[in-house]
Amino acid sequence: MKVEPITEPKSIKSIKKILSDNHRDKLLFIMGINTGLRVQDLLALKKQDVKDVQVGERVILREKKTGKENVFIMNKEIKTALDEHLTTAKLEDNHYLFKSRKGSNYPLSTYAVTKYVKAWAEAVNLKGNYGAHTLRKTWCYHQRKTFGVSWEVLAKRLNHSSPSITRRYLGIQEEEVEEILLNTI
């Protein structure tokens, strides 16, 4: 089933607040909505991949789904959440950044992230269908609506092979379509 982005900034702020004492999950949420990466690629990150990265620096990774190289840039919010997590998590360099409680060094599963995102959405009274992919869709939605980024740039960032795939991420609402019908030429 198709999941939705989190469109309201106040909902995003509320989720960050409820995660303030859970540094791992807060970092996961913040990275998810600030990088546009697929959850499976975030879950593959290890401490050694990000521990020395400063704000403004690039982190290069290989996407699991496509095999293509991708990158994200460390922004201030990710860096702050990362530093909090690394200070409290006591991870070794080869440990996954988002360790599961199962085993000594296994990452969270996408299924686990879906359960978390559903719980976070419910905790802030969001109605709709939410899951792991909500994080990537939230990034996409806000790039378009808040920052005015074109769909072509988003398609390139998301490494989509076709514009029709990107269109599904844009979160275009029926009201937006009807709004443009009021434009006069």
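## Exercises on a predicted model

**Exercise 1.** In strand β1 (residues 58-62), which residues form the covered face and which the uncovered one?

*Solution.* Start with the covered face of β1: Val59 and Leu61 belong to it. The uncovered face holds Arg58, Ile60 and Arg62. In a regular strand, side chains alternate between the two faces of the sheet. The structure is a predicted model.

**Exercise 2.** Find the strand that pairs with β1, and state the sense of the pairing.

*Solution.* The partner of β1 is strand β2, residues 69-73. The two strands run antiparallel and are joined over five bridges. Within β2, Asn70 is the residue opposite Leu61. Six residues lie between the strands of this hairpin. One of the hairpin's residues, Gly67, has a positive phi near 75°.

**Exercise 3.** Place the two strands in the order of elements along the sequence.

*Solution.* Count the elements: the protein has ten helices and two strands. Then read the pattern from the start, which is α-α-α-α-β-β-α-α-α-α-α-α. The strands therefore follow four helices and precede six others in that pattern.

**Exercise 4.** Why does the radius of gyration agree with a compact globule?

*Solution.* A compact globule of 185 residues would have a radius of gyration near 16 Å. The protein has 17 Å, which agrees. Next, take the spans of the C-alpha trace along its principal axes: about 60 × 35 × 30 Å. Finally, turn to burial: with buried meaning under 20% relative accessible area, buried residues make up 44% of the 185 residues.

Definitions and conventions
Residues numbered from 1 in each chain as written. Predicted model: local features only at pLDDT ≥ 70, side-chain atom pairs only at ≥ 80, totals over all residues. Heavy atoms only, no water. Rg over C-alpha atoms; globule rule 2.2 N^0.38 Å. Buried < 20%, exposed > 50% of the residue type's maximum accessible area, 1.4 Å probe, protein only. Pairing = 2+ DSSP bridges.
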